[in-house]
Amino acid sequence: MTPYQSEILSNLSAARFDVEKACLAAGRQPSDVKILLATKTVAAENVRVVIEQGKALLVGENRIQELVQKSQALSDLQYERHFIGHLQTNKIKEAIKYASCIQSVDRIDLVEKLDQQLQKEGRQIDIFVQVNTSFEESKFGMEPDLAKDFVKKIGAYDTLRIRGFMTIGLFSDDEAAVRRSYVRLREIRDEIIGEGIVDTQANQLSMGMSGDFALAIAEGATMVRLGTTVFGKRVY
Ligand SMILES: *Cc1c(COP(=O)(O)O)cnc(C)c1O
């Protein structure tokens, strides 16, 4: 094992400890919050170490090229792969071939194209609805006010199983503002499930990253997506 790989493992242990601490502080069960490793730019052999050691079994990729390449390099391992980046409709085939869940479903043309391909293949896939609760223009995700209608529309496609909602929180030092972006996602979920538009199978909240996962957990995250705190600063 390389020194960097040992470092990754100890970073992950520390992160897991901090996640548990945040759960307890919020009066929640640590088992209710999953850690997804956001592995963009991380080499396959470094992802391999974490999975082989059984330290993590849930990985998220942002780019199709990395998803394909690392999935192939790690095809001998059992772990769950999610796609968490912006998905272009011309990359759908690869996305659903290698990921069991698409967390970034944020527009109807993507829904239609996913459905077409899944129908062709005669199967279903798990999705999260990505909502832009931080109102940053550069970010993908649908407008909060449109989320309910969007979920209603997805209901017509039985190839897509909604498992929850995803957001990229506000990137800011203003804790209260960051927190609001997470509260908003929780409220959207509660309203949509409360009205019976989807059932409780869709109750997951994928929110919180390295810098703010404790806030997200306090506001109900069921999955935090960690990159930097485990793998260090990304080198592009
Ligand atoms: C990179 C990324 C993360 C992880 O971010 P860190 O701050 O490095 O923990 C989480 N979610 C998405 C969608 C990402 O692209």
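**Exercise 1. Polar contacts of the ligand**

Find which atoms of glycine 227, threonine 228 and arginine 234 lie close to an oxygen atom of the ligand in this predicted model, and give the distances.

Solution.
- Step 1: in glycine 227 the atom is a backbone N or O, 2.8 Å from a ligand oxygen.
- Step 2: threonine 228 places a polar side-chain atom 2.5 Å from an oxygen atom of the ligand.
- Step 3: for arginine 234, a polar side-chain atom is 2.7 Å from a ligand oxygen.
- Step 4: the cut-off for a polar contact is 3.5 Å, and the distances of 2.8 Å, 2.5 Å and 2.7 Å can be checked against it.
- Step 5: the ligand taken alone exposes 390 Å², of which the protein buries 90%.

**Exercise 2. The shell**

List the residues around the ligand and sort them into nonpolar, polar and charged.

Solution.
- Step 1: the shell consists of Ala38, Lys40, Asn62, Ile84, Met209, Ser210, Arg225, Leu226, Gly227, Thr228 and Arg234.
- Step 2: sorting gives 4 nonpolar, 4 polar and 3 charged residues.

**Exercise 3. Rings**

State how many aromatic pairs there are, and locate the charged end of arginine 81 relative to the ring of tyrosine 79.

Solution.
- Step 1: the count of aromatic pairs is 0.
- Step 2: the ring of tyrosine 79 has the charged end of arginine 81 over it, 5.0 Å from the ring centre.

**Exercise 4. Cysteines**

Count the disulfides in the whole structure and explain why cysteine 23 has no bond to cysteine 101.

Solution.
- Step 1: the search returns 0 disulfides.
- Step 2: a disulfide requires sulfur atoms within 2.5 Å.
- Step 3: the cysteine sulfur closest to that of cysteine 23 belongs to cysteine 101 and is 20 Å away, so the two are too far apart for a bond.
- Step 4: cysteine 23 is buried at 0% relative accessible area, and cysteine 101 is also buried, at 3%.

Conventions. Residues numbered from 1 in each chain as written. Predicted model: local features only at pLDDT ≥ 70, side-chain atom pairs only at ≥ 80, totals over all residues. Heavy atoms only, no water. Near = heavy atom within 4 Å. Polar contact = N/O pair within 3.5 Å; in protein donor to acceptor, adjacent residues only side chain to side chain. Areas by Shrake-Rupley, 256 points an atom, 1.4 Å probe, with all protein chains shown as cover. Nonpolar A, V, L, I, M, F, W, Y, C, P; charged D, E, K, R; others polar. Phe/Tyr/Trp six-rings, centres within 6.5 Å; stacked < 30°, edge-to-face > 60°. Lys NZ or Arg CZ within 6 Å of the ring centre and 35° of its normal. Buried < 20%, exposed > 50% of the residue type's maximum accessible area, 1.4 Å probe, protein only.
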